[in-house]
Amino acid sequence: MHRGNFNKRVKWVENVAVVGAPGLHFHDLRHTGNTFAAMTGASLRDLMTRMGHDSMRAALIYQHNTQGPDRKIADAIEALIVREVDAGSGEGADGSVSTS
């Protein structure tokens, strides 16, 4: 199968319309897969290997699209701060006082 006749041979336009995704391009699937891979926290090198790229430029596009790891880091830092503050005051985050 060649790139030039792929869409015609598999009836791409008709089939993506049937599944409710008119206008979907085959490359969109690759982009989605690589975005999901970046969201797992994959390194630049991992993404480059997965995509078959030699340059970091393309991999950076997918990592830039993800803020999940950044949100996880911020949440973890906040949890550490709350735990330390609570440990020092003897008070729980909800204001309850520990009796033990």
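Colleague: What share of the contacts in the protein chain with a separation of 6 or more comes from residues 24 or more positions apart?

Modeller: That share is 22%, where a contact means heavy atoms within 4.5 Å. This is a predicted model, in which local features need pLDDT of at least 70 and side-chain atom pairs count only at pLDDT 80 or more, while totals for chains, interfaces and linings use all residues. Residues are numbered from 1 along each chain as its sequence is written, and side-chain values use heavy atoms, with hydrogens and water left out.

Colleague: How many helices and strands does the protein chain have?

Modeller: The chain has six helices and zero strands, counted as DSSP runs numbered from the N terminus (helices H or I, at least four residues; strands E, at least two), and from that terminus the elements run α-α-α-α-α-α.

Colleague: Why is Ala-37 called buried, or is Ala-37 exposed?

Modeller: Ala-37, found in helix H3, has a relative accessibility of 12%; buried means under 20% relative accessible area, exposed over 50% and partly exposed in between, with a 1.4 Å probe and protein chains only, so at 12% Ala-37 counts as buried. Leaving aside residues up to four places away in sequence, Ala-37 touches Ala-42, Leu-47 and Arg-50, and its C-alpha is 9.0 Å from that of Gln-63, 26 residues apart in sequence. Buried residues make up 14% of the 100 residues in the chain.

Colleague: And Lys-11, buried or exposed, and why?

Modeller: Lys-11, in the loop between helix H1 (6-10) and helix H2 (12-18), has a relative accessible area of 52%, and because exposed begins over 50%, Lys-11 is exposed. Its phi is near 55°, a positive value in a residue other than glycine.

Colleague: What makes the largest pocket a pocket, and which elements give two or more residues to its lining?

Modeller: On a 1 Å grid over the protein atoms alone, a pocket is an open set of points where a 1.4 Å probe fits, with protein on both sides within 12 Å along at least five of seven lines, and lining residues have an atom within 4 Å of a point. The lining of the largest pocket includes Arg-3, Phe-6, Trp-12, Val-16, Leu-24 and His-27; the elements giving two or more residues to this lining are H1, H2 and helix H3 (26-39), and the largest share, three residues, comes from H2.
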